[in-house]
Amino acid sequence: MLEFDALTKAFGDKKVLRGLSFQVRPGELYGFCGANGAGKTTAMRIALGMLAADTGEVRFEGRPVDSASRRLIGYMPEERGLYGKMRPRDQLVYFARLSGMGAREAKAHADEWIERLGVKMGPKDVLDKLSLGNQQKVQLIAALIHRPGVLILDEPFSGLDPVASDAMAQALTEFTRDGVPVVFSSHQLDLVERLCDRVGIVRDGALVAEGTVEELRGSTTRRLEIALEGAPAGWASAVAGARVVETRHDRYTLEVDEQVPVREILSAAQAHGDIVHFAWRESSLTEIFREAVAA
């Protein structure tokens, strides 16, 4: 298990982390979400020893992360962290060797992952000659080529097409099946919703929501979708105890106050026309995120 325990960090007068705590369980894919500047990258860099926390600590398997345990971590930074003028395969082999792999095994692993993720490159191309999507694939391979015991990935899906995203998702899922805790940050909330076992949402350096997507949905404002036939335009604005949050053609989405019985909303709708559609609408992770960071 990877644990971030009560991390605080300030740069001068700016407090970036404010008691941030969360856990990533063995074999779990954990989505770490927040707006730009919320503290996600700072927390990841503390786990890697690139920054020191002011207070709190990061633990792996119950012990504080130190130089020895950091060798077990595969890290992918959001910004490019590879050598632009070096051929991708050569530097992947180099990084694998640094992690203790023999030359033959390192070359075999590099070739396997280059093929699996579909990295497009010529035999003499240096990294800078590759497309941004292919550079992103090489960056991921560098993080996982040594078969790490933990994966910490900062925006790993940025710049990838759908096929490459699927290949990367499959690779991460294989690691979780082997019991590896995987945490990644992303602004692509549809991917987080589809892939992650649990999600943590951070605002101003503190965790403000956490759980499975289903658990997070249960804590959000209730929403009803209603469509009527023969109703006057704008009828939904007059419904007591509800607010119109979206209108799509003749279908209205209403936020319903917790204390308002659904039958009252139904009766109010029937007074304006014939019911064509009346159902609860599940909140997307994007809606959950907006509500959490705006609270």
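Which residue forms a salt bridge with D111? The tour below leads to that residue by way of the whole chain, which is shown here as a predicted model.

**The whole chain**

Begin with the entire chain in a cartoon view. The chain holds 10 helices and 14 strands, and its C-alpha atoms fill a box of roughly 75 × 45 × 35 Å along the principal axes. Of the 295 residues, 47% are buried. Among contacts between residues at least 6 apart in sequence, 68% join residues at least 24 apart.

Next, display the surface. The chain exposes about 14,500 Å², and carbon and sulfur atoms supply 48% of that area. Colouring by charge brings out 37 positive and 42 negative charges, whose mean positions are 7 Å apart.

**Helix α3 and its surroundings**

Select residues 88-98, which form helix α3. The buried residues here are P88, Q91, L92, V93, F95 and A96. An α-helix has 3.6 residues a turn, so residues three or four places apart point the same way. Add residues 103-116 and 132-144 to the selection: these are α4 and α5, and both are among the elements that cover the buried residues of α3.

Now select R89 and D111 to settle the opening question. R89 is the partner of D111, and the closest N and O atoms of this salt bridge are 2.6 Å apart. The pair links helix α3, which holds R89, to helix α4, which holds D111, across 22 residues of sequence. R89 counts as partly exposed because its relative accessibility is 29%; D111, at 35%, is also partly exposed.

Move on to Y83, Y94 and L98. Together these residues make a nonpolar surface patch of about 320 Å². Y83 is placed in the loop between β6 (73-76) and α3, and its relative accessibility of 45% makes Y83 partly exposed. Then select G100, which follows α3 and has a positive phi near 105°.

**Two glutamates with positive phi**

Most residues other than glycine have a negative phi. Select E61 for a case with a positive value, near 55°. E61 is found in the loop between β4 (55-60) and β5 (63-64).

Then select E155, where phi is also positive, at about 55°. E155 lies in the loop between β7 (150-154) and α6 (162-177). Is E155 buried or exposed? E155 is buried, because its relative accessible area is 6%, under the 20% cut-off.

**Salt bridges across the sequence**

The structure holds 24 salt bridges. Select E3 and R59, whose side chains meet in one with an N to O distance of 3.4 Å. E3 belongs to strand β1 (residues 2-11) and R59 to strand β4, so the pair, 56 residues apart, links distant parts of the chain. E3 is buried, with a relative accessible area of 14%, and R59 counts as buried at 15%.

The last stop is E225 and R281, where the side chains meet in a salt bridge of 4.0 Å, N to O. E225 lies in strand β11 (residues 222-229) and R281 in the loop between β14 (274-280) and α10 (285-294), so the pair ties together parts 56 residues apart in sequence. Both residues are buried. Finally, extend the selection to E246, R248, R251 and E287: with E225 and R281, these are joined into one network by salt bridges that share partners.

Methods. Residues are numbered from 1 along each chain as its sequence is written. This is a predicted model: local features need pLDDT of at least 70, side-chain atom pairs count only at pLDDT 80 or more; totals for chains, interfaces and linings use all residues. Side-chain values use heavy atoms; hydrogens and water are left out. Helices (H or I, at least four residues) and strands (E, at least two) are DSSP runs, numbered from the N terminus. Buried means under 20% relative accessible area, exposed over 50%, partly exposed in between (1.4 Å probe, protein chains only). Contact means heavy atoms within 4.5 Å. Accessible areas come from the Shrake-Rupley method with a 1.4 Å probe; for residues, only the protein chains shown count as cover. Lys and Arg count as positive and Asp and Glu as negative; His and the chain ends are not counted. The place of a charge is taken as NZ of Lys, CZ of Arg, CG of Asp or CD of Glu. Patches are made of residues with over 30% relative accessible area and no salt bridge: like charges are joined within 9 Å, nonpolar side chains (Val, Leu, Ile, Met, Phe, Trp, Tyr) within 5 Å.
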